[in-house]
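Please look over the following model before reading on. The paragraphs below lead through its pocket, its nonpolar cores and one of its strands.

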Amino acid sequence: MAEFLSSEAILARLVSFDTVSSKSNLDLIAWVDSYLGSHGIRSQRITDPLAAKASLFATIGPEGAGGICLSGHSDVVPVEGQAWTSDPFTLTRRGDKLFGRGSADMKGYIAVCLAKMVANKATALTTPVHLVISYDEETTCEGILPTIARFGHDLPKPRAVLVGEPSLMKVANGHKSAVGYFTCFKGREAHSSKPSDGANTIVAGAMLVAEIERLAAQFRERADATSPFDPPFTTLHVGVFKGGVARNIVPLDTMVNWEIRALPGLDMQAVVDSLCTHANRVILPYLTATAPESAITHERQFWLNGLAPEKDSFAEALALRCSGGNHTIVVPYGSEAGQFQAAGISTIICGPGDIAQAHKPDEWIAVSELRTCEAFLDRLFEGCRAGL
Ligand SMILES: [Zn+2]
């Protein structure tokens with residue numbers, strides 16, 4: 001006789017797997033696979049090219065295209081250097097709060113989805129409900145892409161995706177797009193008494209930072225006060241600047257790690273191209289004037305598609321109906337939602353817990369949030385029985 005676990009019991013199991021993004025998530029996926037399998041729910045693994053991680057795609061209800069897809073990521077951020085009151089990988093209840101890494105972001109949502117998939121397995125759905133669990137969301141947001149690539153081929157392409165990132169169960173229809181780059185400068189070392197014998201890469205890096213700041217100021221000036229985003233403009237930011245060895249050596253290497261967070265709809269690639277062109281036309285000649293072997297290289301760290309608000313979209317109307325809400329919000333963080341939307345699928349974000357608790361020591365989710373999410377999914381399954 002297969003076991004029926006509560007949302008809390010499932011969450012305790014999910015939290016017990018240390019699925020920090022740098023590690024394998026296969027143990028968690030195997031457990032979910034076998035739990036669903038014990039209830040007769042079919043699921044498929046989509047393994048990453050190195051076979052160290054996998055996504056899982058499960059379906060209940062009729063076969064065929066369409067359906068509603070519930071989406072969550074299995075990976076979590078690291079706990080190193082954080083002061084936790086209890087073991088981050090043991091779900092611990094104190095009052096109305098469940099503490100554990102990933103409890104809010106976003107194993108709580110996955111736990112409720114699993115409990116409700118199992119509870120509704122035997123009911124007569126006319127619309128299929130899918131669950132997809134991904135990896136590498138916290139690092140590149142690209143772990144979902146191999147699954148999306150199979151939609152419409154050997155996996156059904158959903159009509160709508162509900163991404164359960166923590167939003168306190170409010171319906172979010174937008175977030176910014178983002179891109180991160182490492183720019184590396186190679187110049188020539190020299191004794192600091194003769195700076196003109198070398199090619200100073202710290203100066204070159206500073207020239208890039210100045211150009212990034214110039215573009216950032218342009219976007220700031222063009223702020224759209226009616227935009228729901230905070231801040232209501234595209235931002236550029238430099239987070240890491242590393243270069244040089246000692247004061248009396250002209251620095252050979254410098255690295256700048258920078259990002260853009262763009263309003264949905266902005267051509268982010270054009271901004272990247274303009275910075276790369278500036279590096280080639282203005283900064284590189286400064287270095288090659290004394291050291292022809294100098295080089296500037298740009299390595300993309302990640303690319304995140306934005307989620308552009310689509311007023312009254314199918315997913316938005318559905319989520320508002322299930323949540324009982326009457327307005328939407330936008331969220332300040334990135335998610336896989338933009339990747340689904342880029343594949344032409346109506347997508348929103350709505351999940352239990354508060355992003356304010358995510359990524360921090362003593363991450364927690366309120367038990368009441370799990371209950372609210374359960375009620376949301378109950379209404380969704382009702383709709384999937386009645387025909388959406
Ligand atoms: Zn998340």
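On a 1 Å grid over the protein atoms alone, a pocket is an open set of points where a 1.4 Å probe fits, with protein on both sides within 12 Å along at least five of seven lines, and its lining residues have an atom within 4 Å of a point; the volume is the space filled by probe spheres set on the points, which are joined across faces, edges and corners. This is a predicted model, in which local features need pLDDT of at least 70 and side-chain atom pairs count only at pLDDT 80 or more, while totals for chains, interfaces and linings use all residues. Residues are numbered from 1 along each chain as its sequence is written, and side-chain values use heavy atoms, with hydrogens and water left out.

The largest pocket holds about 460 Å³ of space, and of the 24 residues that line it, E138, R261, F302, L304 and G334 lie nearest its centre. Strand 11 (253-262; strands are DSSP runs of E, at least two residues, numbered from the N terminus) gives the most to this lining, with four residues.

Turning to the interior, the largest nonpolar core (buried Ala, Val, Leu, Ile, Met, Phe, Trp, Tyr and Cys residues joined through side-chain atoms within 4.5 Å, buried being under 20% relative accessible area with a 1.4 Å probe, protein chains only) has 55 residues, of which I10, L14, V32, L70 and L380 touch the most other members. Apart from this core lies another, of 27 residues, among them I212 and I260.

In strand 14 (residues 346-349), S346 and I348 point one way and T347 and I349 the other, and all are buried. T347 is the bridge partner of V161.

How values were computed. Buried < 20%, exposed > 50% of the residue type's maximum accessible area, 1.4 Å probe, protein only. Pairing = 2+ DSSP bridges.
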